[in-house]
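Biologist: I have a predicted model open on my screen and would like a close look at its internal spaces. Could you walk me through one spot in detail and then work outwards from there?

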Amino acid sequence: MPPAPPSTSPLRPGATLAVTSAATALVTVAYAAPTASLAATAEAAHLGATGRTWILTGTLVGITALLLTAGSAADDHGRKKVFTLGALLLLASEALAALAPGGAVYLAARVLLGVASAALLAPALGLISHAHPPGPARVRALGVWGAALGLGIAVGPVYGAFVEQWAGWRAVSGGLAVASAAVAAFAGAVLTESRAGRPRALDPYGVLTLAAGTSCLIAGLAEGREGWARPVVAALLAGGVLLLAAFVLVEARVREPMLDLALFRDPGFLVATGGALFTGASIVGYMSYLPTLLQGVLGLSGPAAGGVIALWSGLSVVSSLQARRLAAHLSATAQVALGLLVCGLGTAGLYGLAPGGSWLRLAPGLAVAGVGSGVLNAALARLAVSSVPPHRAAMGSGANITSRYLGSALGVALTITLAGSTPATPATLAAGTDRATLAAAALCAVGALLALLARRTPAPQAAQRTPEPAAAGG
């Protein structure tokens, strides 16, 4: 099939970066909004303890099940098309959550939020890289996109806690629905369509095994927080592992796989996906549940706990924007190792949380971890684009963010297990939080070591492919 003809639509680098970054920040705000008010939201929506867990887990299921699929669809059929569809689905999910008559519908809306997030996040880096040619401008743009991740995590808990306290849980979703409508309108107006020159054949067995495998795995991790010895937990985890193994076999045999396994021979792609996995499992998973721990140990309100976490995520925004200055001195893989190491040092500084203590005791560790997170976000975005051929930028983005959210599910499960394995008094919860803190710091250190080892491994000659030119079909 001949390449698609180039688009005659003008590229708008600034507008493209603004829309994709705003959408990225918005989906992370939507995901993180309940984290500082989980108990209040679950109670208002008539959800029990298990339902509280699924407020976050439902979104993770939707994201991880479809991110890689959305990336492939965007590369093959149009990144603007998939991105705009994602914005409309985000509007639908938040409107459904705002109008939900009960907990079951609200949780379904959270799963739909994950689907919408996948359709927005996967093509975002492909749209940015198409609008910004390789060089300093692209490095800066990817740093801005990385900062948008941190911005959403910073704003989400504070926004969710304040709005829930003042106007109720439905208003949280209502405000996000309005913002989603604005993103959809601007995406249709300013984005320029781009896609691969030759669409690949559909990979239905890859789509099904990946979606089912990640869904079972994350569901098993969620249910395991209530007890790991239950048969349903073992069945879900075993099923998830088997289905993901089947996905690997399918991708190894199909002529045009959704995920080219040969990419894993490239150290850059290996560090991009592995670094994202360890980022999610360590710092993101731990910080996602830390507001709840701060409320239990220090007695903080929801808005106050969200504000404390904003010190970490806010500094990650600043750090991401400045990370471009490292590009001339450090490779992206070295930046991943450095970012994980700094995150580990900052997280270790949070050890020693005590009932009745002051949140100011946590400020230095949160600040250091925030700087490391910003470096990580910028470096992972660079690697997600540079480690794949240009016509597969959205697929690379999808693989990278899938790894991050799978890691997040593992990290949240590990944090809850370690922090909640004893009766939940402030003193025992503090001891459990210290265990979770040390585990997160150790995972950061392991991830940094693996990134350093991977970057020293030369890419096999077989993995060096001549990239297919990316056509900008409208």
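Modeller: Happy to. Ser-173 is buried, because its relative accessible area is 5%, under the 20% cut-off for that class. Ser-173 sits in helix α7. Leaving aside neighbours within four places in sequence, Ser-173 is in contact with Glu-94, Ala-97, Ala-98 and Tyr-106. Please keep in mind throughout that this is a predicted model.

Now for the space beside this serine. The second largest cavity holds about 120 Å³. Of the 18 residues that line it, the closest to its centre are Pro-34, Tyr-106, Arg-110, Val-172 and Ser-173. Tyr-106 therefore turns up twice, as a contact of Ser-173 and among the residues closest to the centre of this cavity. Two or more lining residues come from each of α4 (79-99), α5 (103-131), α6 and α7 (169-190). By class, the lining of the second largest cavity divides into 10 nonpolar, 5 polar and 3 charged residues.

A residue of α4 makes a useful contrast. Leu-96 belongs to helix α4, and at 35% relative accessibility Leu-96 counts as partly exposed, whereas Ser-173 is buried at 5%. Beyond its neighbours within four places in sequence, Leu-96 is in contact with Val-105 and Ala-109. From Leu-96 to Leu-107 the C-alpha distance is 9.9 Å, with their positions 11 residues apart in sequence.

How many cavities of 30 Å³ or more does the structure hold? There are 6 of them, and the largest has about 260 Å³ of space. Its lining is made of 23 residues, with Leu-149, Ile-153, Val-284, Ser-288 and Trp-312 nearest the centre. The elements that give two or more residues to this lining are α1 (13-32), α6 (136-167), α10 (267-298), α11 (302-322), α13 (363-386) and α14 (393-419). With 5 residues, α10 gives the most to the lining of the largest cavity. The lining of the largest cavity has 12 nonpolar, 10 polar and 1 charged residue. If you trace α6 on your screen, you will meet both spaces: α6 helps to line the largest cavity and also the second largest one.

Since α10 came up, let us look at one of its residues. Ala-276 is found in helix α10 and counts as buried, because its relative accessibility is 0%. Leaving out residues up to four places away in sequence, Ala-276 touches Val-271, Leu-380, Asn-400, Ser-403 and Arg-404. Ala-276 and Leu-121 lie 155 residues apart in sequence, and their C-alpha atoms are 14 Å apart in space.

Ser-403 then leads to an open space, the second largest pocket, which has a volume of about 420 Å³. Its lining has 19 residues, of which Leu-259, Phe-264, Thr-402, Ser-403 and Leu-406 lie nearest the centre. At least two residues of this lining come from each of α8 (204-224), α9 (231-253), α10 and α14. The most come from α14, which supplies 5. The lining of the second largest pocket has 14 nonpolar and 5 polar residues, and no charged ones.

Two of these helices deserve a closer look. The 27 residues of α14 reach 38 Å from first C-alpha to last, close to the 39 Å expected at 1.5 Å a residue. Of those 27 residues 23 are buried, so α14 is largely enclosed by the rest of the structure. In α9, the end C-alpha atoms are 33 Å apart, which agrees with the 33 Å that its 23 residues should span at 1.5 Å a residue. The buried residues of α9 are Val-233, Gly-239, Gly-240, Phe-247 and Glu-251.

Finally, a word on confidence. The mean pLDDT of the protein is 84, and 92% of its residues reach 70 or more. Confidence is highest in α4, at a mean of 94, and lowest among the protein's helices in α2 (residues 38-44), at 76. Residues 1-8 stay under 50, and the model gives them 15 contacts beyond four places in sequence. Residues 459-474 are also below 50, with 43 contacts beyond near neighbours in sequence. Where pLDDT is low, the predicted coordinates should not be read in detail.

How values were computed: Residues numbered from 1 in each chain as written. Predicted model: local features only at pLDDT ≥ 70, side-chain atom pairs only at ≥ 80, totals over all residues. Heavy atoms only, no water. 1 Å grid on protein atoms, 1.4 Å probe; cavity = no way out; pocket = protein on both sides within 12 Å on 5 of 7 lines; lining within 4 Å. Points joined across faces, edges and corners; volume = space filled by probe spheres on them. Helix = DSSP H or I, 4+ residues; strand = E, 2+ residues; numbered from the N terminus. Nonpolar A, V, L, I, M, F, W, Y, C, P; charged D, E, K, R; others polar. pLDDT = per-residue confidence, 0-100. Contact = heavy atoms within 4.5 Å. Buried < 20%, exposed > 50% of the residue type's maximum accessible area, 1.4 Å probe, protein only. Expected span 1.5 Å × (residues − 1).
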